[in-house]
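Student: Hi! I have a chain open on my screen and would like to talk it through with you.
Tutor: Happy to, let's look at it together.

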Amino acid sequence: MRFLLILIWFVFFLSCAPATKEEQVKDWLYYYDLGLSALSAKNYSEAIANFFIATQKAPNEPKVWNALGIAYMEVFEYEKAESAFRRALEVDKKFTEARLNLGVMYFRKKDYENALREIRTALADEAFPHKHIAFYYLARIYKALDNQNLYLENLRKATVYNPMFFEAQLELANAYEEMGDYRSALDVYRNLLNNGINTPQIELNMARLLFYTEDYENAKLFIKRLIENKQADASQKAQAYELLSQILVKEQERLVSRKMAFAQKEREERKAEEKTQERPPKEEPITNRTEPEITKPERKTENKPVEVQKERVFRIQLGAFSSEERAKAWKEKLEKELGIKELIIVEQLGIYRVLYGSFKSRAEAEAQVRRLRSYNLYGFIVQD
């Protein structure tokens, strides 16, 4: 009996003892993970509840405050979101993700002045790994401010920093299409296809743009692919059939136009021939003297250089940096530590890209991407 009382007292003592640091970490992580799951399922009430509990258990964890701010922002609780993001920055002023989210929050509030300030501050952090997202929101701010040039410039930067940033690529292609720059829009979609990103919507957009550029044969190929794509919905297939009807009409009009032009040319040639036959022979003047025949000097033909269209090549982007020094340092590291050669640095829009190789086909580039993964290098295929 005495032993039993001692055992009960010992269990009670342990239950009252303060949790160890490891147990505390597991405790707040448990609620943080629950919050992330609820956030991904768009159950914002549950996400906020779990993130709030996590902040009480770990008030010095900036990512918990940042997550709580995101959840509040999704339900338009902007004051609470701002407070959470600023608390994350108080805990760690270098937690740039919270700085970017603060800028996004201001953008959603249409407070563009503060949004620009916070996002530019985030971009000043050279160690920030999500610069492509920052440039994307910077572009959207300039679009809202009706500054088309800066909108396109920053949207291009977002796609240069991360060629696999699908959302920015689609918006850039749409922007080009609205401007009537169909070939640039096609290049954006080709870049996505080169990196293995293909959806029914991309196939439909490619077909439409090829139709605009009067490349009817390739447009029909993409329509065929879309119709055979099991992932395409009824609306996309209906649009594809409608586009195919327009192509067939244009092809018929082109054929009729060619026939009419050929017939017109034949009529003009016949008229010219009839006129020469009706014209009386020209009388030669009678003269007793013979004049030496004047020979015209031979016309010198200039050897004009033939324009050779540069073939487009595929390269692999292994990095993008805002300074040439950082790009050079990364290039030298790849060359010395991994023995990777054929690296070049290309500047575009103030961004320095480290590119590898020069491949004539996408298949060659894809094979090299797989080989580079053995070095834990993940590159994007780009087309020059």
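Tutor: A term to start with: a residue is buried if its relative accessible area is under 20%, exposed if over 50%, and partly exposed in between (1.4 Å probe, protein chains only). Helices (H or I, at least four residues) and strands (E, at least two) are DSSP runs, numbered from the N terminus.

Student: Okay, and how does strand β3 come out on burial?
Tutor: Strand β3, residues 351-359, is mostly covered, with seven of its nine residues buried.

Student: Before we go on, what kind of model is this?
Tutor: This is a predicted model, where local features need pLDDT of at least 70 and side-chain atom pairs count only at pLDDT 80 or more, while totals for chains, interfaces and linings use all residues. Residues are numbered from 1 along each chain as its sequence is written, and side-chain values use heavy atoms, with hydrogens and water left out.

Student: What does the pLDDT look like for the chain?
Tutor: pLDDT is the predictor's confidence in each residue, from 0 to 100. The chain averages 83, and 84% of the residues score at least 70.

Student: Where does it stay under 50?
Tutor: Residues 1-17 are one such stretch, and the model gives them zero contacts beyond four places in sequence; contact here means heavy atoms within 4.5 Å. Over residues 286-309 the pLDDT is below 50 too, again with zero contacts beyond near neighbours in sequence.

Student: Back to β3. Which way does β1 run against it?
Tutor: Strand β1 (residues 314-321) and β3 run antiparallel, joined by six bridges. Two strands count as paired if DSSP finds at least two bridges between them. In this pair, A320 stands opposite R353 of β3.

Student: And how many bridges join β2 to β3?
Tutor: Six, with β2 (residues 343-348) and β3 also antiparallel. I344 has L355 in β3 as its bridge partner.

Student: What links β2 and β3 along the chain?
Tutor: They form a hairpin with two residues between them, and L349 in the turn has a positive phi of about 55°.

Student: What's the strand order in the sheet?
Tutor: The sheet is open, with four strands in the order β2-β3-β1-β4 and antiparallel pairing. β2 and β4 (380-383) stand at the edges with a single partner strand each, so one side of each has no neighbour in the sheet. From one strand to the next, the twist averages 45°.

Student: How many bridges hold β1 and β4?
Tutor: Four, in the antiparallel sense. Q317 stands opposite F380 of β4 there.

Student: Which helices lie across those strands?
Tutor: Helix α11 (residues 182-194) lies across β1 and β4, at about 145° to β4. Helix α15 (residues 324-338) lies across β1, β2 and β3, at about 160° to β2. For these angles, axes are lines fitted to C-alpha atoms, for helices over the stretch in contact, and the values run from 0 to 180 degrees between N-to-C directions.

Student: How many helices and strands does the chain have?
Tutor: The secondary structure comes to 16 helices and four strands. Buried residues make up 37% of the 384 residues.

Student: New topic: how many salt bridges are there?
Tutor: A salt bridge is a side-chain nitrogen of Lys or Arg within 4 Å of a carboxyl oxygen of Asp or Glu. By this rule the count is 19.

Student: Which residue does E177 pair with?
Tutor: E177 meets R208 at 2.8 Å, N to O. This pair links distant parts of the chain, with E177 in helix α10 (residues 166-179) and R208 in helix α12 (residues 200-212), 31 residues apart. Both E177 and R208 are buried.

Student: Where do K250 and E253 lie?
Tutor: Both lie in helix α14 (residues 234-278), three residues apart, about one turn of the helix. Their side chains meet in a salt bridge at 3.9 Å, N to O. K250 is partly exposed at 37% relative accessible area, and E253 is partly exposed at 44%.

Student: What about E118 and R117, buried or exposed?
Tutor: E118 is buried, at 3% relative accessible area, whereas R117 is partly exposed at 39%. Their side chains form a salt bridge of 2.9 Å, N to O. E118 and R117 also belong to a salt-bridge network with E82, R86 and R99.
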